[in-house]
Amino acid sequence: MDYPKSLPGVGLVNGKFVDENPVVGTPGSLVPASWGNAVTQEILGVITAAGLTPAEGSNAQLVTAINSLMVQPAVGGGRLIGVRNFQQSDIYIPSPNTTSVVVEVVGGGGGGGSCPATDATQLAVSGGGGGGAYVRSYLKGGFAGVLVTVGAAGVGGVAGATGGAGGTSSFGTALSATGGSGGRGASPSSNAAFITTGNSYGGAPFGGNLINSPGAGSVPAIQLGGHLASGVGGVDGCGTKSGGNGTQIDSSKPSAPGQSGQPGRVTIYEFS
């Protein structure tokens, strides 16, 4: 769009409209019907493209429409109309006017290993749990009525036991992200100079057509000369803390449980 510079008799001054000035006798600019209609139709086109109903008494619809249209999906056309976060398993029923979705699935984090009680000559250190996998997919159909499964958090071990594995999260049979393995439990040691516990493993991704990212495993837990370099849990495939930490105890201490992991999640972005 531009000012109607090519139309004769419009009366633009310096390329813009001006008001009539009866004091000095200068006429105001004329607004041709064709130009006024064109401007109005162009604005209405933006408003209706955003799914709004034009309202004569509202002067804020254009900016609302522009802000809405600026939110675009990661793949394909359509505007974002809803975000659904699943914290527990359920059936997914799309919101009205949903024509495509982006689905993110994260597996549960493994629980950290635990330490048993020690006597006066012993120390113990346990490993952290692995992170859940991360999967991301764009789906144009076949998503209505799909079972969403959210993987449970792996429970921290007790009395020297290995932590529990994180549960698998999934979106029907299309994509899934397994949970991380549990952190290794500790065995008391009388070697105060060096104690180590093996690492855990991250979950595996399946079916993503955009991203398939495995979860990170934990590093081995190490204690040197009575000073802890502890079993820190692994992260999930999208970089969020997911696996539970292990623990460490000195001599003559009661058993210490490992930290539980984080539960999985499923997030669905709906597009028109």
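Let me start with Arg84, which in this predicted model forms a salt bridge with Glu270, the closest N and O atoms being 3.2 Å apart. That pair links distant parts of the chain, since Arg84 sits in strand β1 and Glu270 in strand β15, residues 265–271, which puts them 186 residues apart. The two partners differ in their surroundings: Arg84 is partly exposed, with a relative accessible area of 25%, whereas Glu270 counts as buried, at 0%.

The structure holds three salt bridges, and I turn now to the other pairs. The side chains of Arg136 and Glu104 meet at 2.4 Å, N to O, and because Arg136 lies in strand β5 and Glu104 in strand β3, residues 100–106, this pair ties together parts that are 32 residues apart in sequence. Arg136 is buried, with a relative accessible area of 16%, and Glu104 is buried as well, at 8%. Glu104 also meets Arg265 in a salt bridge, at 3.8 Å from N to O, and here the link runs from strand β3 to strand β15, across 161 residues. Arg265 is partly exposed, at 27%, and together Glu104, Arg136 and Arg265 are linked in a network of salt bridges.

How, then, are the strands arranged? They belong to an open sheet of five strands in the order β1-β15-β3-β5-β11, with antiparallel pairing; the edge strands are β1, residues 80–86, and β11, residues 211–213, each of which pairs on one side only. Neighbouring strands of this sheet are turned by 10° against each other on average, direction ignored. At the β11 edge, three bridges join β11 to strand β5, residues 134–139, and Tyr134 stands opposite Ser213 in β11.

Terms used: Residues numbered from 1 in each chain as written. Predicted model: local features only at pLDDT ≥ 70, side-chain atom pairs only at ≥ 80, totals over all residues. Heavy atoms only, no water. Pairing = 2+ DSSP bridges. Helix = DSSP H or I, 4+ residues; strand = E, 2+ residues; numbered from the N terminus. Axes fitted to C-alpha atoms, helices over the stretch in contact; angles between N-to-C directions. Salt bridge = Lys/Arg side-chain N within 4 Å of Asp/Glu carboxyl O. Buried < 20%, exposed > 50% of the residue type's maximum accessible area, 1.4 Å probe, protein only.
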